[in-house]
Amino acid sequence: MGRVIAFNFVTLNGFFKGPGEDISWHRHGAEENEWGAEMLASGGTLLFGRVTCEMMAGYWASPEAIKADPIVAEGMNKADKVVFSRTLKKAEWSNTRLVKNDIGEEVRKMKQMPGKDMAVLGSGSVVTQLAEQGLIDGFQIMVDPVVLGDGTPLLKGINRKLDLKLTGTKAFQSGVVLLSYQPG
């Protein structure tokens, strides 16, 4: 049975994106890339909402990404991916399956299938919907040492309390701290 892990980065005051979808504030250096490459090597399925999928596909499939970070680019492009969207007509990124129906129902089915874990990358509304339904088995949150005046908070609009247990920490030289949690 596969687990669902939500991965995101946030500012110190809890925003996962700034005004205008800005994520340029995230400090992602060589050490974080190495960690990301290790996570991709596990071979799990990546889950996205439409906006994040389009942004990721636009970058990771580009010649710039392949040149700048070939290991992570290869992992992202080869990974099995699912994009949840009611408006997307078809998934263009390699190894990506489009799901238009109920997110919770689809993830419940996927969790019952034998296989590897699934990771939700970014995709704030997908994370909130899955957390609301109790379908997230772990959270990996990279906290950047930056504060923004405005933005979109992680888990925006959640209507239930989530009690979480800290299961691990990792500090990067950039000042970013990875916090790992699981539901309590």
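In the predicted model, Glu21 has a relative accessibility of 47% and therefore counts as partly exposed. Its salt-bridge partner is Lys17, with the closest N and O atoms 2.9 Å apart. Lys17 itself has a relative accessibility of 17%; because the limit for a buried residue is under 20%, Lys17 is classed as buried. The pair thus joins a buried lysine to a partly exposed glutamate.

The structure holds 9 salt bridges, and the Lys17–Glu21 pair is one of them. Another is formed by the side chains of Asp137 and Lys111, with an N to O distance of 2.8 Å. This pair links distant parts of the chain, the two residues being 26 positions apart. Asp137 is located in the loop between α6 (124–132) and β7, whereas Lys111 belongs to helix α5 (residues 103–112). The relative accessible area of Asp137 is 26%, so this residue is partly exposed, while Lys111, at 8% relative accessibility, is buried. A further salt bridge connects the side chains of Asp163 and Lys161, with 3.4 Å from N to O. Here the lysine is exposed: the relative accessible area of Lys161 is 64%.

Asp144, an acidic residue without such a partner, was examined next. Asp144 is situated in the loop between β7 (138–143) and β8 (152–153). Although buried, Asp144 has no salt bridge, and the nearest side chain of opposite charge, that of Arg27, is 5.1 Å away. Because a salt bridge requires a nitrogen to carboxyl oxygen distance within 4 Å, the separation of 5.1 Å between Asp144 and Arg27 does not qualify. The side chain of Asp144 instead makes a polar contact of 2.7 Å with the side chain of His26. Leaving aside residues up to four places away in sequence, Asp144 touches Phe9, Val10, Thr11 and Leu12, together with Trp25, His26, Arg27 and Val176.

Strand β7, which precedes the loop of Asp144, contains Ile141. With a relative accessibility of 10%, Ile141 counts as buried. The C-alpha atoms of Ile141 and Val10 are separated by 7.0 Å, although the two residues lie 131 residues apart along the chain. Beyond residues up to four places away in sequence, Ile141 touches Asn8, Val10, Leu154, Val177, Leu178 and Leu179. Val10 is therefore a contact of Ile141 as well as of Asp144, both contacts resting on heavy atoms within 4.5 Å.

Burial was also considered for helix α4 (residues 70–78), in which Val72, Ala73, Gly75, Met76 and Asn77 are the buried residues. The cover over these residues includes the helices α1 (30–40), α2 (50–60) and α3 (63–68). Strands β3 (45–49), β4 (81–84) and β6 (118–121) are also among the covering elements.

At the level of the whole chain, 6 helices and 10 strands are present. The radius of gyration is 16 Å, close to the 16 Å that the globule rule gives for 184 residues, so the chain is as compact as a globular protein of that length. Along the principal axes, the C-alpha atoms fill a box of roughly 45 × 40 × 30 Å. Buried residues account for 45% of the 184 residues. Of the contacts between residues at least 6 apart in sequence, 68% join residues at least 24 apart. The chain exposes about 9900 Å², of which carbon and sulfur atoms supply 55%.

Definitions and conventions
Residues numbered from 1 in each chain as written. Predicted model: local features only at pLDDT ≥ 70, side-chain atom pairs only at ≥ 80, totals over all residues. Heavy atoms only, no water. Buried < 20%, exposed > 50% of the residue type's maximum accessible area, 1.4 Å probe, protein only. Helix = DSSP H or I, 4+ residues; strand = E, 2+ residues; numbered from the N terminus. Lys, Arg positive; Asp, Glu negative; His and termini not counted. Polar contact = N/O pair within 3.5 Å; in protein donor to acceptor, adjacent residues only side chain to side chain. Rg over C-alpha atoms; globule rule 2.2 N^0.38 Å. Areas by Shrake-Rupley, 256 points an atom, 1.4 Å probe, with all protein chains shown as cover.
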